[in-house]
Amino acid sequence: MTAKLIDGKALAAKIRADMKVKVAQLEAEHGYRPGLAVVLVGENPASQVYVRNKIKACEEAGIRSIEKRLPESTSEEDLLNLVRSLNEDPSVDGILVQLPLPKHISDLKVIDTISPDKDVDGFHVNSAGRLLVGRPGFRPCTPAGIAEMLDSIGFDCSGKRAVVVGRSNIVGKPMALMLLERNATVTIAHSRTKDLPAVCREADLLVVAVGRAKLVTADYVKEGAVVIDVGMDRDENGKLCGDVNTESVLEKASYVTPVPGGVGPMTIAMLLTNTVSAALGKFGKSLN
Ligand SMILES: NC(=O)C1=CN([C@@H]2O[C@H](COP(=O)(O)OP(=O)(O)OC[C@H]3O[C@@H](n4cnc5c(N)ncnc54)[C@H](OP(=O)(O)O)[C@@H]3O)[C@@H](O)[C@H]2O)C=CC1
Ligand SMILES: Nc1nc(=O)c2c([nH]1)NC[C@@H]1CN(c3ccc(C(=O)N[C@@H](CCC(=O)O)C(=O)O)cc3)C=[N+]21
Ligand SMILES: [Mg+2]
C-alpha cells in the first residue's frame, strides 16, 4: 500500500476560518472579541517560533492576543503574580504559558495557578480530571487536533487497536484517554516497553509522541495502519523532522501525517478553538 498524507496545514486553515466566523458573530452580537494571553519566559528559539505562530493565527481569526514576554531571570513568584493578574482580567479568556519554563520555575505550580476557566491548553489538573472521568472541559490541543485529523479521513476508532507511544501529561496520556473515549482498544508504550516494534505492529492506529527523530520505520507498522507523527525533532542535518521515518512508513501505512504540516498546525488551530469556546462560555454559548 502507498499511504496518503493527511494535510494538517489545510485542515488547520479550515478550522481557523471557522473560528474567524464565530469570532465575528460574537463581536456582532455582543460587541466582544475573545482574548488570549500568551506568556513566554526566556529566549528559547523554538518557543519563540511557536509563540509567534500562535499570535499570528489568533490575529488572523480576530482574537486579541495579549503578549507577555519576561526575561529568563524572572522569579517564580513574579510569574505566578502575572498569571494571577491574568486570571482576574475580564478581557482575557485564555492563558497560555509556553513550556518549557526555566529550570528555577516549577511548571506544575504555574499550571496549577491558571484559572481552570481559562486553561485553553488543557494542562490544569481540573481539565485532566474532566477528561479522565468523561466530563466536558478543555482538551489538550495536540490530541484534540489529532482527533480532528482522524475525523477528516473518516477513521472510526471504535473497536480498533490503538497504540500510543509516549506517556507525557500533555500528549501521550490525554491522547490515550481520548481514543478510549472513542471506544478504541488502547495500549500505551514508553521507554520501558519491551519489543516496541512488535507492540506497534498490532496497531490499526499508531500515534507516536516520543521526541526521537525518525524512530518509527516500516518495521513498526501493520499493513494499512494510520500513523500519526507528533514529533518535532531535528535530523542529522539539523532539518525539522518527526518521530516517524515517513519515507519508510509510506509503503505500508494507509495514512501518515507529515512533519512539518501535520499535527503542529492542528495544535494551534485547537488552541484557537479552545479560546473561542472559553469566550462563548461567558455568554452562555458553546461551539456548535
Ligand atoms: N506537534 C505538536 O504540536 C507537539 C509536538 N510535540 C513533540 O512531540 C514529542 C513528544 O513530546 P512530549 O510528549 O512533550 O515528550 P516527553 O519528553 O514529555 O515524553 C516522551 C515520552 O516518550 C517516551 N520515550 C522516550 N524515548 C523512547 C523510546 N526510545 N521508545 C519508547 N518510548 C520512548 C518517554 O518514556 P518514559 O515516560 O518512560 O520516559 C516519554 O513517555 C517531542 O518531539 C515534542 O517536541 C510536543 C507537543 C506538541
Ligand atoms: N503551554 C504550551 N502549550 C503548547 O501547546 C506547547 C508548549 N507549551 N510548548 C511546546 C509544545 C510544542 N508545540 C507545537 C505547536 C505547533 C507546532 C507547529 O506549528 N509546527 C510546525 C512547524 C514549526 C517550525 O517550523 O518549527 C509544523 O509542524 O508544521 C509545533 C509544536 C506546542 N507546544
Ligand atoms: Mg522547570
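**Exercise 1. Which helices and strands each supply at least two residues of the shell around ligand 2?**

Solution. The model is a predicted one, in which local features need pLDDT of at least 70, side-chain atom pairs count only at pLDDT 80 or more, and totals for chains, interfaces and linings use all residues. Residues are numbered from 1 along each chain as its sequence is written, while chains are lettered from A and ligands numbered from 1 in the order in which they are written.

Step 1. Helices (H or I, at least four residues) and strands (E, at least two) are DSSP runs, numbered from the N terminus.

Step 2. At least two residues of the ligand 2 shell are supplied by each of H2, E4 and helix H10 (263-282). The largest share, four residues, comes from H10.

Step 3. A residue is near a molecule or strand if its C-beta atom, placed from the backbone, lies within 6 Å of it. Around ligand 2 there are 18 residues, of which Leu99, Pro260, Gly261, Gly264 and Thr267 come nearest.

Step 4. For the classes, Ala, Val, Leu, Ile, Met, Phe, Trp, Tyr, Cys and Pro count as nonpolar, Asp, Glu, Lys and Arg as charged, and the others, Gly among them, as polar. The shell around ligand 2 then has 12 nonpolar, five polar and one charged residues.

**Exercise 2. Locate ligand 2 with respect to the domains.**

Solution. Step 1. The chain is divided into domain 1 (31-116) and domain 2 (141-263), with bounds from an automatic or database domain assignment.

Step 2. Taken over C-alpha atoms, the centres of domain 1 and domain 2 are separated by 29 Å.

Step 3. Both domain 1 and domain 2 give residues to the shell around ligand 2, so ligand 2 lies between them.

**Exercise 3. Describe the cis peptide bonds and the positive phi.**

Solution. Step 1. The peptide bond from leucine 99 to proline 100 is cis, with omega near 0°. Proline 100 lies in the loop between E4 and helix H4 (107-113).

Step 2. From valine 259 to proline 260 the peptide bond is cis, again with omega near 0°. The loop that holds proline 260 is between strand E11 (255-256) and H10. Leu99 and Pro260 are among the residues that come nearest to ligand 2.

Step 3. Asparagine 183, although not a glycine, has a positive phi of about 70°. Its place is the loop between helix H7 (172-181) and strand E6 (185-189).

**Exercise 4. Determine the strand order of the three-stranded sheet and the helix that lies across it.**

Solution. Step 1. Two strands pair if DSSP finds at least two bridges between them. The three strands form an open sheet in the order E3-E2-E4, with parallel pairing. Strand E3 (64-70) and strand E4 (94-97) are the edge strands, each pairing on one side only. From one strand to the next, the twist averages 15°.

Step 2. Seven bridges join strand E2 (residues 35-41) to E3 in the parallel sense; leucine 40 stands opposite arginine 69 in E3.

Step 3. Helix H2 (residues 45-61) lies across E2 and E3, running at about 170° to E2. Contact here requires C-beta atoms, placed from the backbone, within 7 Å; axes are lines fitted to C-alpha atoms, for helices over the stretch in contact, and angles run from 0 to 180 degrees between N-to-C directions.

**Exercise 5. Trace the six-stranded sheet.**

Solution. Step 1. The sheet is open and parallel, in the order E1-E11-E8-E7-E5-E6. Its edge strands are strand E1 (4-5) and E6, each of which pairs on one side only.

Step 2. E1 and E11 run parallel and are joined by two bridges. Lysine 4 has tyrosine 255 in E11 as its bridge partner.

Step 3. H7 lies across strand E5 (161-165), E6 and strand E7 (205-208), at about 170° to E6.

**Exercise 6. Characterise the shell around ligand 1.**

Solution. Step 1. Ligand 1 is surrounded by 25 residues, the closest being Gly166, Ser168, Ser191, Gly211 and Thr267.

Step 2. H10 gives the most to this shell, with three residues.

Step 3. By class, the ligand 1 shell has 10 nonpolar, 11 polar and four charged residues.

Terms used. Contact = placed C-beta atoms within 7 Å.
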